[in-house]
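Please open the model in your viewer and keep the sequence panel beside it, so that each selection can be followed in both places.

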Amino acid sequence: DFTEGTFQGLLKFGMPHGKGVFFWNRGDFYFGHWNLSKMNGEGEYHFPSGETLIGNFRDGEPHGYCCLILKDKNAFYGSFENGRIFGTGITFNHLQDAWKLSMFDNGIEIHVLNVGDGKPYPDEIQKYCDDEELIAFVRKVNAELQLVPKSPRLLSPELNVEFAAYTYNKGTRYKGFWLNGVPNGIGLKQLSTGVI
């Protein structure tokens, strides 16, 4: 419900359509593509608890390849259909520094294909997985998640609105709107300790 938060971005018929960000009053937000008020296309959904879901959405649900990053830095890369995990998926356990390649059906792990030590680097996973789209997605997400400054992305030349994430030297991270190279408008600032 769009009365329960704030939207900035493009509209069509008074509804979010195109690129934009919605901040719900409960603390979660979604930045990405919209289709007549539904999350649709590439985007990032940030939960109030600190988890982030990056990937593809259809009709407001994760659909296609997505990466779920938990607050403890554990991660899952895999394919979703209407919000449920289907097909091949990779689980990364940050504390154990290990990964697991599995098959899923309707959100349930049905078979472990392989396990390994370290981060799930695409070249290593590719030895055990023939899902080339998943490998390409892991490569793309890992490149985007590097903790280097990102320049603001222009949402709309007509609106002169930029949205970006930036990690400062001491680990503080800001994700939100920018104007003339400085944070301006709605955004979230997360300290290196995880406090928002």
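The tour below moves from the sheet to its edge and then to a patch on the surface.

Keep in mind throughout that this is a predicted model. Begin by showing the strands as ribbons: ten of them form an open sheet, in the order β1-β2-β3-β4-β5-β6-β7-β8-β9-β10, and their pairing is antiparallel. Now colour β1 (5-12) and β10 (108-117), which stand at the edges of the sheet; each has a single partner strand, so one side of each is left without a neighbour in the sheet. If you look from strand to neighbouring strand, the turn between them is 10° on average, with direction ignored.

Next, select strand β9, residues 98-105, together with β10, and you will have a pair that runs in the antiparallel sense over eight bridges. Within this selection, find Leu101, which stands opposite Asn114 in β10.

Stay in strand β10 and select Gly116, which lies there. Is Gly116 buried or exposed? Its relative accessible area is 15%, and because buried means under 20%, Gly116 counts as buried. Leaving aside residues up to four places away in sequence, Gly116 touches Ala98 and Trp99. Then add Asp97, which is 19 residues from Gly116 along the chain, and check that their C-alpha atoms are separated by 8.9 Å.

Finally, turn to the surface and select Phe13, Met15 and Leu36, which form a nonpolar patch with about 300 Å² of accessible area together. Of these, Met15 has its place in strand β2, residues 15-24, and with 30% relative accessibility Met15 counts as partly exposed.

How values were computed
Residues numbered from 1 in each chain as written. Predicted model: local features only at pLDDT ≥ 70, side-chain atom pairs only at ≥ 80, totals over all residues. Heavy atoms only, no water. Patch = residues over 30% accessible without salt bridge, like charges linked within 9 Å, V, L, I, M, F, W, Y side chains within 5 Å. Areas by Shrake-Rupley, 256 points an atom, 1.4 Å probe, with all protein chains shown as cover. Salt bridge = Lys/Arg side-chain N within 4 Å of Asp/Glu carboxyl O. Helix = DSSP H or I, 4+ residues; strand = E, 2+ residues; numbered from the N terminus. Buried < 20%, exposed > 50% of the residue type's maximum accessible area, 1.4 Å probe, protein only. Pairing = 2+ DSSP bridges. Axes fitted to C-alpha atoms, helices over the stretch in contact; angles between N-to-C directions. Contact = heavy atoms within 4.5 Å.
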